[in-house]
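Colleague: I would like a close look at a single part of this model, and then at how that part sits in the rest of the chain. Please take it in one connected answer.

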Amino acid sequence: MQSTLDQRQRRHRRIRAKMSGTAIRPRLSVFKSNRGLYAQLIDDAAGRTLAAASSARLPADAGKNAAREIGKAIAVQAREKKISAVVFDRGGYRYIGAVKEVAEGAREGGLVF
């Protein structure tokens, strides 16, 4: 039987096989750990990270509000780099809770996906 981590990684590989980020439309990747939540804008063609935001600077008890703030922060950084559209990569996680809040925060910030 596979662990939860193995299952998530398999789902993520399956998702990533079908999507890729470019400089014009980068990939908005979400990663959750036990300690924090991270979002990055990635240009897969060049292999570099264009912008990043994390919950490290936010209060530990912020919960879903922190996730929405991360989405807004990544949207602000994207606007500074003149990026308006992204491809959303949920990282193999279900589209509920913190992952959904990051997406909604990014949409509130003006990103289109």
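Colleague: Which residues does Ser29 touch, not counting residues up to four places away in sequence?

Modeller: The model is a predicted one, and what follows should be read as such. Leaving aside residues up to four places away in sequence, Ser29 touches Tyr38, Ala39, Gln40, Ile42 and Asp89. Ser29 itself is found in strand β1. Its relative accessibility is 12%, so Ser29 counts as buried, the limit for that class being under 20%.

To place these contacts, start with the strand. β1 covers residues 27–32, and β2 covers residues 37–43. β1 and β2 run antiparallel and are joined by 6 bridges. The connection between these two strands is a hairpin through 4 residues. Within this pairing, Arg27 of β1 has Ile42 of β2 opposite to it; Ile42 is also among the residues that Ser29 touches. β2 is mostly covered, with 5 of its 7 residues buried.

The other pairing of β1 is with β4, residues 87–89. Here the strands run parallel, and 3 bridges join them. The bridge partner of Leu28 in β4 is Phe88. Asp89, which Ser29 touches, falls within the range of β4. In general terms, strands of a sheet pair through backbone hydrogen bonds, in either a parallel or an antiparallel way.

Moving outward from β2, the next strand is β3, residues 48–54, which runs antiparallel to β2 and is held to it by 6 bridges. Ala39, one of the contacts of Ser29, has Ala53 as its bridge partner in β3. β2 and β3 form a hairpin with 4 residues between them, and in that turn Gly47 has a positive phi of about 70 degrees.

Taken together, the 4 strands make an open sheet in the order β3-β2-β1-β4, with mixed pairing. β3 and β4 stand at the edges and have a single partner strand each, so one side of each has no neighbour in the sheet. From one strand to the next, the twist averages 20 degrees.

Two helices pack against these strands. Helix α2, residues 64–80, packs on the sheet and touches β1, β2 and β3; its direction makes about 145 degrees with that of β3. Helix α3, residues 97–108, lies across β1, β2 and β4, and runs at about 145 degrees to β1. Both helices therefore have β1, the strand of Ser29, among the strands listed for them.

α3 has 12 residues and reaches 16 Å from its first C-alpha to its last, close to the 16 Å expected at 1.5 Å a residue. Its buried residues are Val99, Glu101, Val102, Ala103, Gly105 and Ala106. The cover over these buried residues includes β1, β2, α2 and β4. Just after α3, Gly110 takes a positive phi of about 110 degrees.

One backbone feature away from the sheet deserves a note. Most residues other than glycine have a negative phi. Lys82 is not a glycine, yet has a positive phi of about 60 degrees. Lys82 lies in the loop between α2 and β4. With a relative accessible area of 75%, Lys82 is exposed, whereas Ser29 is buried.

As for the chain as a whole, there are 3 helices and 4 strands, and from the N terminus on the elements run α-β-β-β-α-β-α. Of the 113 residues, 39% count as buried. Among contacts with a separation of 6 or more, 60% come from residues 24 or more positions apart. The radius of gyration is 14 Å, which agrees with the value near 13 Å for a compact globule with 113 residues. Along its principal axes, the C-alpha trace spans about 45 × 35 × 20 Å. The accessible surface comes to about 6900 Å², and 49% of this belongs to carbon and sulfur atoms.

To return to the part you asked about: Ser29 is a buried residue in strand β1, and its contacts include Tyr38, Gln40 and Asp89.

Conventions: Residues numbered from 1 in each chain as written. Predicted model: local features only at pLDDT ≥ 70, side-chain atom pairs only at ≥ 80, totals over all residues. Heavy atoms only, no water. Pairing = 2+ DSSP bridges. Axes fitted to C-alpha atoms, helices over the stretch in contact; angles between N-to-C directions. Contact = heavy atoms within 4.5 Å. Buried < 20%, exposed > 50% of the residue type's maximum accessible area, 1.4 Å probe, protein only. Rg over C-alpha atoms; globule rule 2.2 N^0.38 Å. Areas by Shrake-Rupley, 256 points an atom, 1.4 Å probe, with all protein chains shown as cover. Expected span 1.5 Å × (residues − 1).
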